[in-house]
Amino acid sequence: MKTIRYFLIAIAAITFSSGHAQVSVNVNIETPPAWGPVGYSDVRYYYLPDLETYYDVSTSNYVYLNDGRWVRTRSLPSVYRNYDLYNEYKVVLTDYSGDRPYDNFKVHKVKYGKGYKGKPQKTIGPKPGKGNNKGGNGNDHNDNGNHNGKGNGNGKH
């Protein structure tokens, strides 16, 4: 009888532990990168028009086409090693919450073509390195928000 009781306690402990781990994984969302635009703490994706690449805030991965397939990696391809994420424009995707932002790539590529500049942006943190050379924030831009053609320009959509 004691053996059955210990067995049931062990099963309950294992079940509780794995259920707890699943909850921990599901709520573990990364914070936005320092180069991310101010005012968007609850978005999952940025689109980087000059690179035709997405950034997934929740996993800290870049999502881009590589030989015709969408890949997720922790760093940009070496061809973009000199790309300045602090000073280049990021489109905040406030209207998408799935796992495949690239399903809308054709629309994003046209709407936010290379060289696209929406409203001015301010980054979350200062640019590391040689100091701030743009009025104290290390950026060329200040953010007032409206990135999807809608809203009131106050950074809230």
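Partly exposed means a relative accessible area between the buried limit, under 20%, and the exposed limit, over 50%. The views below show a predicted model.

**View 1. Pro120 lies in the segment after α2.** Helix α2 itself covers residues 105–111. Is Pro120 buried, exposed or partly exposed? Its relative accessibility is 41%, so Pro120 counts as partly exposed. Look also for Tyr89. Pro120 and Tyr89 are 31 residues apart along the chain. Their C-alpha atoms are separated by 8.5 Å.

**View 2. Strands β1 and β2 form a hairpin.** Strand β1 takes in residues 45–48. β1 and β2 run antiparallel and pair over four bridges. One pairing to find: Leu48 has Thr53 of β2 as its bridge partner. Four residues sit between the two strands. In this turn, Glu52 has a positive phi of about 50°.

**View 3. Strand β2 has side chains pointing two ways.** The strand spans residues 53–56. Which residues point one way, and which the other? Thr53 and Tyr55 point one way. Tyr54 and Asp56 point the other way. All four residues named here are buried.

**View 4. Strands β2 and β3 form another hairpin.** Strand β3 holds residues 61–66. How many bridges join β2 and β3? The two strands pair over three bridges, in the antiparallel sense. Asp56 of β2 stands opposite Asn61 in β3. Between the strands of this hairpin there are four residues. Ser60 takes a positive phi near 55°.

Note on methods
Residues are numbered from 1 along each chain as its sequence is written. This is a predicted model: local features need pLDDT of at least 70, side-chain atom pairs count only at pLDDT 80 or more; totals for chains, interfaces and linings use all residues. Side-chain values use heavy atoms; hydrogens and water are left out. Buried means under 20% relative accessible area, exposed over 50%, partly exposed in between (1.4 Å probe, protein chains only). Two strands pair if DSSP finds at least two bridges between them.
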